[in-house]
Amino acid sequence: MDKKLGEYNRKRKFDKTGEPHGTVSKKHAGRLRFVVQHHIASRDHYDFRLEWNGVLKSWAVPKGPSYDSHDKRLAVQVEDHPLDYRSFEGTIPKGEYGGGVVMVWDEGYWTPLVGVDEGLEQGSLKFTLEGSRLEGKWALVRMKPRQGEKGNNWLLIKEKDQYENAYDITRFNSSVKTGRTMAEIERGNKAIDMNKRDMADAVKKTKPVTGRNAADVKITSPDKALYQETGITKGDVAKYYMEISARMLPYIENRIISTVRCPGGIESACFYKKHPEKGAGVMAVPVTNKDSKTEDYFYVPDAYGLMTEVQMNTLEFHTWGSRVESLEKPDIMVFDLDPDEGMDLARIRQGVRDLKGMLDQLSLVSYLKTSGGKGYHIVIPLKPKADWDAFHDFARNIAKTMEAMWPDRYTSNVRKEQRKGRIFIDWIRNGRGATSVAPYSLRARDGAPVSMPIPWKELDKIAPRDIKMADAVSRSRQDDPWEGFFENDQQLK
């Protein structure tokens, strides 16, 4: 029996519980991982676990973590757990140790800011978290034990930084691993195979790149409302993405993506997801950032990968401007015309025409789509020849030229005070690591608007938020306004 996990193993009967057997893992060269599991046993609490020396150092946090730096949450240190426990989600039979329901509430990576062994010994461990829900600087501080206490009581505290008061954690009530709620896990709710019955026609239109069948993705809780005001459910969203996938995939497959997930619907807290999860249907790709640190990002290679993201309550898809096979050579440039609040639509449309006219003078073919928000997007396909610096500089120069020609109409400055009465020509999304919302992506906004490709001739007919989910499906059955998008020879010199 592994000494580090002796207490863990003694407390459990593995022939009766689905928890992993306690075995100390070998050290690996990758980043340190963490997990937070919501656990309703004899008492409702959250289990906070940090990977260290082949095990998960573990604390039970009765009230859960808090983004408020003034909250000092009791965290009771418990026995070490095996690394495989990171993926455990399910029910522990009543009468067994910890009997109840366990959900993977958050997971990601952690980086110690002090020596870990020294911090654990001295009772002060500071670190950063990079999870789906928990981010930024945190600290675990051991309380001075009272007479007769073992010294297991710590405090989990949010440090002051840009993430302070970012979220109310009580708004997150579903698993980042499966999208299920605690009630659904307790019921043994299995994924409902709604796709083969409702989406057969849509599946015929998609050819899986890797031989996986998108119809095999199980969509749990299809009746859960994600757009509460209109009653659009998770099942409706899944049907939409299956139906639209043949049109959408050429613009997102094999491109690094960030997603917007809304497990409680758009009226609850949504969050960005930019790192992959173990066991997901997406593909990981290592990327070295400007600080020479390498992190895993992810992309979808086919409709199956797309639908696994939808199963995780993803509403929005945002993509890099390059493909993974030519990561340092971008091939899609996007300008977002972002107007000042309350600007007349006619002025926004004039901005679109002015920008298109400038691109026409440069003999660059461009395409138009709605943003699903306040403005329009102009998109330019290019051969992957220029590097990110040249690509980024070209986009900035276009925006600055617009600003110089019509200083009362446009600005290239992202600051909102510079946008007064003007349109921000957003060129910044054309940098390495930046993303823009993908064609055909839903937006996490009332009414389920879509960032929809449209022909230039419809600029004066369609407002930025006019096309909703049902409209997009209908339009996808008509002629493609972006036909020939990737069949071009234009490139930056």
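**Chatting through a predicted model**

Me: Ok, starting with side chains: which residue does the side chain of Gln77 make a polar contact with, Trp154 or something else, and at what distance?
Reply: In this predicted model, the side chains of Gln77 and Trp154 are joined by a polar contact of 3.2 Å.

Me: Where is Gln77 found?
Reply: Gln77 sits in strand β4, which covers residues 72–82.

Me: And what else is Gln77 in contact with, skipping its neighbours within four places in sequence?
Reply: Besides Trp154, there's Asn152, plus Lys57, Ser58 and Trp59.

Me: New topic: helix α7. Why is it largely enclosed by the rest of the structure?
Reply: α7 runs over residues 303–311, and eight of those nine residues are buried, so the rest of the structure largely encloses it. Buried here means under 20% relative accessible area.

Me: Which ones are buried in α7?
Reply: Ala303 is, and then Gly305, Leu306, Met307, Thr308, Glu309, Val310 and Gln311.

Me: What do the buried residues of α7 pack against?
Reply: One helix, α6 (234–252), and three strands: β12 (257–261), β15 (294–299) and β16 (314–319).

Me: What caps the N-terminal end of α7?
Reply: That's Asp302. One of its side-chain oxygens lies 3.3 Å from the backbone nitrogen of Tyr304.

Me: And just after α7, which residue takes a positive phi?
Reply: Asn313, with a phi of about 70 degrees.

Me: Switching again: how many cavities of 30 Å³ or more are there?
Reply: The count comes to two. The largest cavity holds about 140 Å³ of space.

Me: Which residues are closest to the centre of the largest cavity?
Reply: Thr319, Trp320, Ile332, Val334 and Ser436, out of 19 residues that line it.

Me: Which elements give two or more residues to that lining?
Reply: Two strands, β17 (332–339) and β22 (436–437), and one helix, α9 (388–405).

Me: How do the lining residues of the largest cavity divide up: nonpolar, polar, charged?
Reply: Twelve are nonpolar, five are polar and two are charged.

Me: How much space lies in the second largest cavity?
Reply: About 40 Å³.

Me: Which residues line the second largest cavity?
Reply: Asn313 is one of them, the residue with the positive phi just after α7. The others are Arg133, Ser174, Ser175, Val176, Gly179, Arg261, Pro263, Phe271 and Met312.

Me: How does the lining of the second largest cavity divide?
Reply: Four nonpolar, four polar and two charged.

Conventions:
Residues are numbered from 1 along each chain as its sequence is written. This is a predicted model: local features need pLDDT of at least 70, side-chain atom pairs count only at pLDDT 80 or more; totals for chains, interfaces and linings use all residues. Side-chain values use heavy atoms; hydrogens and water are left out. Buried means under 20% relative accessible area, exposed over 50%, partly exposed in between (1.4 Å probe, protein chains only). Helices (H or I, at least four residues) and strands (E, at least two) are DSSP runs, numbered from the N terminus. Contact means heavy atoms within 4.5 Å. A polar contact is a pair of N or O atoms within 3.5 Å; within protein, one must be able to donate a hydrogen and the other to accept it, and residues adjacent in sequence count only if both atoms are side-chain atoms. On a 1 Å grid over the protein atoms alone, a cavity is a set of points where a 1.4 Å probe fits but cannot get out, and a pocket is an open set with protein on both sides within 12 Å along at least five of seven lines; lining residues have an atom within 4 Å of a point. Grid points are joined across faces, edges and corners, and a volume is the space filled by probe spheres set on the points. Ala, Val, Leu, Ile, Met, Phe, Trp, Tyr, Cys and Pro count as nonpolar, Asp, Glu, Lys and Arg as charged, and the others, Gly among them, as polar.
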